Amino acid sequence: MSPLSGLSGSASVSLPVRRALLYLIVAGAAWGTAGAAASLVYRTSDLGAVALSFWRCAAGLVVLLAARPLLRPRAATTTAPVPAPGPLRRRARRTTVTGLGLALFQTAYFAAVSDTGLAVATVVTLGAGPVLIALGARLTLGERLGRGGVLAVAGALAGLGVLFAGSGGSAVHPRGVLLALLSAAGYSAMTLLTRRWGRDGDADASATTVGAFAVTALCLLPFALVEGLVPHSAEPLRVLALLAYIAAVPTALAYALYFAGAAVVRSATVSVIMLLEPVSAAVLAVGLLGERLTATTLTGTLLMLASVAGLALAETRAAGPAQA
């Protein structure tokens, strides 16, 4: 079976937990490359954050639509029955809510970065995410972290704190912090809803991703038009290549893997695995953008990786050999 074959159909039925964990790890690492690519876009053009987010979703949608036939299992040769009006309406509502959550997550995060800086916005968004998801999963899904899960989340948050302490700090603006919390709320809602629908056996990851990108692009289009859709640059081919990469890898591929994996894995585990995003971003910042890797940055990265490994191991053991 190809690595992406599990993205089609009901993820909760066809996708083993170990494969779902792998999907989430790849998605988190890929998301981290988006920031480095965006930094290069900003260095070589005048494209704004909202316009970049719009192109990310719009171009990612085109990539997903082109690749969607490849995501269907080859064995499915018979024509699928047309869903009844009720399921169609329910699926439309779910896609709309997911798209709105994605738009809120991305746009509020970019606004927070603009207002209070990258370090504070990232720490608040990704630090609040696991807490909000753990609380939401306990209240709405009945999921329990357990002692190991609590320690893993605490270790991940400690790693983020160490990364922030080693970044040199920056000015903290209350409005930016509130925007980062709003971004974390959008991400948390998207994660919890994806997990809930996966439990219900109605989590078509491919359809969810395509629909969510369409809704997000439509939401961002008016704001992107005001900001300016077409970038001006002395290196247009480089900008175009960077936009194509952002659309294909950290967007179309990463979100498809994310929605498939999040429908299977516990919500709190998803939230911590996604902390791989700042880890991969830190690696690229050193190797690609020339930033220094301090001892505190390395310590924070190792803490986060250890938390991800611990939660992934606990998730696999909880699933049992039959699902792994």
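Buried means under 20% relative accessible area. Keep that cut-off in mind for this tour of a predicted model.

**Stop 1: Cys57**

Select Cys57. Its relative accessible area is 0%, so Cys57 is buried. Now add Cys219 to the selection. Cys219 has a relative accessible area of 28%, so this residue is partly exposed.

Are the two sulfurs bonded or too far apart for a bond? Draw a distance between them: it comes to 9.7 Å. A disulfide needs the sulfur atoms within 2.5 Å. The gap is therefore too far for a bond, even though Cys219 holds the closest cysteine sulfur to that of Cys57. Seen from the other end, Cys219 is in no disulfide either, and its nearest cysteine sulfur is that of Cys57. Searching the whole structure turns up zero disulfides.

**Stop 2: Ser53**

Next, select residues 49-67. This is helix α3, and Ser53 is found in it. Is Ser53 buried or exposed? Its relative accessibility is 2%, so Ser53 counts as buried.

Show what surrounds this serine. Leaving out residues up to four places away in sequence, Ser53 touches Gln106, Phe110 and Leu220.

**Stop 3: α2 against α3**

Keep α3 on screen and add helix α2, residues 17-44. Two packed helices are described by the angle between their axes and the distance between the axes. Here the axes come within 12 Å and cross at roughly 125°. The two helices are therefore oblique to each other. Their crossing is right-handed.

Which residues meet where α2 and α3 touch? On the α2 side, pick Trp31, Ala34, Ala38 and Tyr42. On the α3 side, pick Ala49, Leu52 and Arg56. Colour this contact by class: six residues are nonpolar, none is polar and one is charged.

**Stop 4: α2 against α9**

Hide α3 and keep α2. Select residues 236-262, which form helix α9. How far apart are the axes of α2 and α9? They are 8 Å apart, and the helices pack at an angle of about 155°. Angles over 145 degrees count as roughly antiparallel, and that makes α2 roughly antiparallel to α9. The crossing of this pair is left-handed.

Colour this contact by class too. The contact of α2 with α9 has 24 nonpolar residues, three polar ones and one charged one.

**Last look**

Show α2, α3 and α9 together. Find the oblique pair, α2 and α3. Then find the roughly antiparallel pair, α2 and α9. Finish by turning back to Cys57, which is buried.

Terms used:
Residues numbered from 1 in each chain as written. Predicted model: local features only at pLDDT ≥ 70, side-chain atom pairs only at ≥ 80, totals over all residues. Heavy atoms only, no water. Helix = DSSP H or I, 4+ residues; strand = E, 2+ residues; numbered from the N terminus. Buried < 20%, exposed > 50% of the residue type's maximum accessible area, 1.4 Å probe, protein only. Contact = heavy atoms within 4.5 Å. Axes fitted to C-alpha atoms, helices over the stretch in contact; angles between N-to-C directions. Parallel < 35°, antiparallel > 145°, perpendicular 65-115°, else oblique. Left-handed = near helix turned anticlockwise from the far one by under 90°. Nonpolar A, V, L, I, M, F, W, Y, C, P; charged D, E, K, R; others polar.
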